[in-house]
Amino acid sequence: EAEMEGMRQAHIVDGAAMAHFMAWLENAIVVEGRSVSEVEIDEVLTGFRAKQPGFKEVSFPTIAGVGANGAIVHYRAAEGSDLLKYLDRTEPILIDSGGQYEYGTTDVTRTWHFAEKPDEEFRELYTRVLKGNIGVDSMIFPENTPGFVLDVFARKALWEIGKDYGHGTGHGVGAALNVHEGPHSISPRWGNKEVLKAGMVTSNEPGFYDDGNFGIRIENLLEIVEVSSSSSDEATTNGDEEPASKKQKVAAAAAEGKKFLKFGKLTLIPIQKNLIKVEIMTEDELDWLDSYHHEVLQKVKPLLEEGSPAMEWLVKSCEPIKRD
């Protein structure tokens with residue numbers, strides 16, 4: 001439990017660092033009209049993380065891929081490279097990054113696009129990746145379930161339009177240890193039959209990659225927690241609310257001796273709302289998004305200065321999504 005408390009705290013300070021970074025990046029691109037290199041983006045993001053208490057180093061080399069570089073899964077920007085690109089309002093950027101803190105480890109991916117009117121196909125694909133992320137995040141599953149069983153929920157929305165992605169959906173993460181840690185995973189590779197257990201941390205990172213054009217990935221870290229046998233007991237659910245009917249059914253099964261597990265959210269970084277096609281989201285998915293952003297705001301806001309660019313960015317980014 002001490003390790004998990006450290007992981008939760010690491011994600012709160014990481015959320016503050018990302019709020020400072022995104023306020024800077026949005027201002028540079030949208031207000032100042034600059035073109036910012038992938039290398040500068042990497043350096044500035046690391047700089048904001050380095051200001052957080054207990055920061056040791058990045059948990060892995062930052063992936064900051066503009067446009068076509070975002071489709072290179074393990075891309076690394078470098079000065080002087082023929083591949084180096086600059087971010088402006090014409091192309092999206094995929095940023096996969098993390099911090100190693102004395103008390104925990106973070107790993108998060110977001111895809112951002114500052115276009116005034118993002119391409120409709122891009123928005124559709126982005127939304128379907130998000131639906132996959134929510135699909136895994138929302139699962140309640142019985143104990144002794146291996147990770148590959150959940151992988152289909154990450155891909156369902158993409159499969160519906162004949163799309164897929166070529167990497168696993170989730171890997172284990174150590175507490176102030178390795179950012180890629182076994183033995184469990186969530187992937188279509190059925191060879192790993194390691195079961196998911198309470199106390200494990202896993203990534204949840206569906207994506208889509210259009211070679212030569214762009215990459216989309218939305219990654220959060222999740223902790224695996226037990227679902228309480230009492231429908232009124234929130235102590236073991238990490239504060240996540242479930243519909244009463246679902247909780248009662250799971251509680252009844254638990255009372256009969258079958259243990260169920262679910263995910264608690266660790267990553268606390270907003271998801272870009274204007275890239276979401278509301279018309280292909282369900283009401284439950286939109287409720288999930290609003291609930292997630294409410295949690296992000298409540299936990300990260302106390303670390304930011306009132307009236308600061310970071311605070312303004314966070315509050316704006318966590319407003320409920322328009323459902324018209």
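**Helix H6 and its surroundings**

Colleague: Which residues of H6 are buried?
Modeller: Keep in mind that this is a predicted model. The buried set of H6 mixes acidic, aromatic and aliphatic names, listed here in chain order. It is Glu-285, Leu-286, Trp-288, Leu-289, Asp-290, Tyr-292, His-293, Glu-295, Val-296, Leu-297 and Val-300.

Colleague: What covers the buried residues of H6?
Modeller: The cover includes both helices and strands. The strands among them are S8 (108-112), S15 (220-226) and S16 (260-265). The helices among them are H1, H3 and H7 (309-317).

Colleague: How far apart are the end C-alpha atoms of helix H6?
Modeller: H6 covers residues 283-300, which is 18 residues. At 1.5 Å a residue, the helix should span 26 Å. The model agrees, because the end C-alpha atoms of H6 are separated by 26 Å.

Colleague: Is Leu-297 buried or exposed?
Modeller: Leu-297 sits in helix H6. The cut-off for burial is under 20% relative accessible area. Leu-297 has 15% relative accessibility, so it counts as buried.

Colleague: Which residues does Leu-297 contact, leaving aside neighbours within four places in sequence?
Modeller: Start with one pair: Leu-297 and Val-315 are 18 residues apart along the chain, and their C-alpha atoms are separated by 6.8 Å. Val-315 is also one of the contacts of Leu-297. The full set is Pro-302, Leu-314, Val-315 and Cys-318.

Colleague: Which residues are in contact with Lys-131, leaving aside neighbours within four places in sequence?
Modeller: Lys-131 lies in helix H3, residues 120-137. Lys-131 is charged in the count used here, yet at 12% relative accessibility it is buried. One of its contacts, Glu-285, is among the buried residues of H6. The contacts are Ala-157, Ile-280, Met-281, Thr-282 and Glu-285.

Colleague: What is the relative accessible area of Met-22?
Modeller: Met-22 belongs to helix H1, residues 2-31. Its contacts, apart from neighbours within four places in sequence, are Trp-112, Phe-114 and Trp-313. Met-22 is buried, with a relative accessible area of 0%.

Colleague: How far apart in space are Met-22 and Pro-309, C-alpha to C-alpha?
Modeller: In sequence, 287 residues separate Met-22 from Pro-309. Met-22 is in H1. In space, the C-alpha distance between Met-22 and Pro-309 is 9.3 Å.

Colleague: Which residues does Gln-52 touch, not counting residues up to four places away in sequence?
Modeller: Gln-52 is in the loop between H2 and strand S2 (55-58). Gln-52 is still buried, with a relative accessible area of 13%. Its C-alpha is 7.7 Å from that of Asp-14, 38 residues away along the chain. Gln-52 touches Val-13, Ala-16, Ala-17 and Tyr-101.

Colleague: Which residues in H2 are buried?
Modeller: Helix H2 runs over residues 38-50. Its 13 residues should span 18 Å, and its end C-alpha atoms are 18 Å apart, which agrees. The buried residues of H2 are Glu-38, Val-39, Ile-41, Asp-42, Leu-45, Phe-48 and Arg-49.

Colleague: Where is Asn-144 found?
Modeller: Asn-144 has phi near 70 degrees, a positive value in a residue other than glycine. Asn-144 is exposed, with a relative accessible area of 54%. It is found in the loop between strand S9 (140-142) and helix H4 (148-159).

Colleague: Which residues does Ile-186 touch, not counting those up to four places away in sequence?
Modeller: Ile-186 lies in strand S11, residues 185-186. Ile-186 is buried at 0% relative accessible area. Leu-196 is 10 residues away in sequence and 9.2 Å away, C-alpha to C-alpha. Ile-186 touches Val-136, Gly-147, Leu-150, Asp-151, Gly-168, Thr-169, Gly-170, Thr-202, Ser-203 and Phe-263.

Colleague: What is the radius of gyration of the chain?
Modeller: The chain holds 7 helices and 16 strands. For 324 residues the globule rule gives 20 Å. The chain comes close to that, so it is as compact as a globular protein of that length, with a radius of gyration of 19 Å.

Colleague: Among contacts between residues at least 6 apart in sequence, what share joins residues at least 24 apart?
Modeller: Buried residues make up 56% of the chain. Now take the contacts between residues at least 6 apart in sequence. The share joining residues at least 24 apart is 71%.

Terms used. Residues numbered from 1 in each chain as written. Predicted model: local features only at pLDDT ≥ 70, side-chain atom pairs only at ≥ 80, totals over all residues. Heavy atoms only, no water. Helix = DSSP H or I, 4+ residues; strand = E, 2+ residues; numbered from the N terminus. Rg over C-alpha atoms; globule rule 2.2 N^0.38 Å. Buried < 20%, exposed > 50% of the residue type's maximum accessible area, 1.4 Å probe, protein only. Contact = heavy atoms within 4.5 Å. Expected span 1.5 Å × (residues − 1).
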